[in-house]
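I open this notebook to record what I looked up in one structure. The entries follow the order in which I took up each point.

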Amino acid sequence: MKPDIHPDYHEITVIMTDGSTFKTRSCMGKEGDTLRLDIDPKSHPAWTGQQRVIDTGGQIAKFNKKFAGIGARKKG
């Protein structure tokens, strides 16, 4: 192996969405850093099997307003 080309591989703490923690080794950050997850296997619908609709920033309302008249026939 070539010397001095590999990143520093050290231990970090990972915090899951429910607050549980575990230690793993990573190239992220520095020794002892913390990685807080926004989505993990305990909360993501792909693993939990529960689907939910999240209307972030009113995207569904914006869509409905934009396309409200499509499909409606006008008399006349």
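**Entry 1. The aromatic residues**

Is F67 buried, exposed or partly exposed? I looked up its relative accessible area and found 34%. The cut-offs are under 20% for buried and over 50% for exposed, so F67 is classed as partly exposed. I note here that the model is a predicted one.

I then searched the whole structure for aromatic pairs and found one. The pair is formed by F63 and F67, with 4.9 Å from centre to centre. Their planes make an angle of 45 degrees, and the pair is entered as tilted. For F63 I found a relative accessibility of 52%; this residue therefore counts as exposed.

**Entry 2. The chain as a whole**

I listed the elements next. The chain holds two helices and three strands, and from the N terminus on they run β-β-β-α-α. The chain has 76 residues, of which 12% count as buried. I recorded an exposed area of about 7,000 Å² for the chain, with carbon and sulfur atoms supplying 55% of it. I also looked up the contacts with a separation of 6 or more: residues 24 or more positions apart account for 7% of these.

**Entry 3. The sheet**

In what order do the strands of the sheet lie? I read the order as 2-1-3 in an open sheet of three strands, and the pairing is mixed. Strand 2 and strand 3 (34–36) each have a single partner strand, so they stand at the edges and one side of each has no neighbour in the sheet. Ignoring direction, I found that neighbouring strands are turned against each other by 35 degrees on average.

I took the two pairings in turn. Strand 1 and strand 2 (residues 21–26) run antiparallel and are joined by six bridges. One bridge that I followed leads from E11 to its partner R25 in strand 2. The pairing of strand 1 with strand 3 is in the parallel sense, over three bridges.

**Entry 4. Positive phi values**

Which residue takes a positive phi in the hairpin of strand 1 and strand 2? I found G19, with a phi near 95 degrees; the hairpin has five residues between the strands.

I noted a second case at D4, which is not a glycine and has a positive phi near 65 degrees. Most residues other than glycine have a negative phi. D4 lies in the segment before strand 1. Its relative accessible area is 81%, and D4 is therefore exposed.

**Entry 5. T13**

I turned to T13, which is found in strand 1 (residues 10–15). T13 stands opposite T34 in strand 3. Leaving out residues up to four places away in sequence, I listed the contacts of T13 as T21, F22, K23, D33, T34 and L35. Why does T13 count as buried? Its relative accessibility is 17%, and the cut-off for buried is under 20%.

**Entry 6. S26**

S26 lies in strand 2. I found 18% relative accessibility for S26, which therefore counts as buried. What does S26 touch, not counting residues up to four places away in sequence? I listed D8, Y9, H10 and I12. I also recorded a polar atom of the S26 side chain at 2.9 Å from the backbone nitrogen of M28.

**Entry 7. D40**

My last entry concerns D40, found in the loop between strand 3 and helix 1 (45–48). Is D40 buried or exposed? Its relative accessible area is 1%, so D40 is buried.

I looked up what surrounds this residue. D40 touches M16, T17 and W47, again not counting residues up to four places away in sequence. With T17 I noted a further detail: the D40 side chain reaches the backbone nitrogen of T17 at 2.9 Å. I also checked D40 against D18. These two are 22 residues apart in sequence, and their C-alpha atoms are 9.3 Å apart in space.

Technical notes: Residues numbered from 1 in each chain as written. Predicted model: local features only at pLDDT ≥ 70, side-chain atom pairs only at ≥ 80, totals over all residues. Heavy atoms only, no water. Helix = DSSP H or I, 4+ residues; strand = E, 2+ residues; numbered from the N terminus. Buried < 20%, exposed > 50% of the residue type's maximum accessible area, 1.4 Å probe, protein only. Contact = heavy atoms within 4.5 Å. Phe/Tyr/Trp six-rings, centres within 6.5 Å; stacked < 30°, edge-to-face > 60°. Pairing = 2+ DSSP bridges. Axes fitted to C-alpha atoms, helices over the stretch in contact; angles between N-to-C directions. Areas by Shrake-Rupley, 256 points an atom, 1.4 Å probe, with all protein chains shown as cover. Polar contact = N/O pair within 3.5 Å; in protein donor to acceptor, adjacent residues only side chain to side chain.
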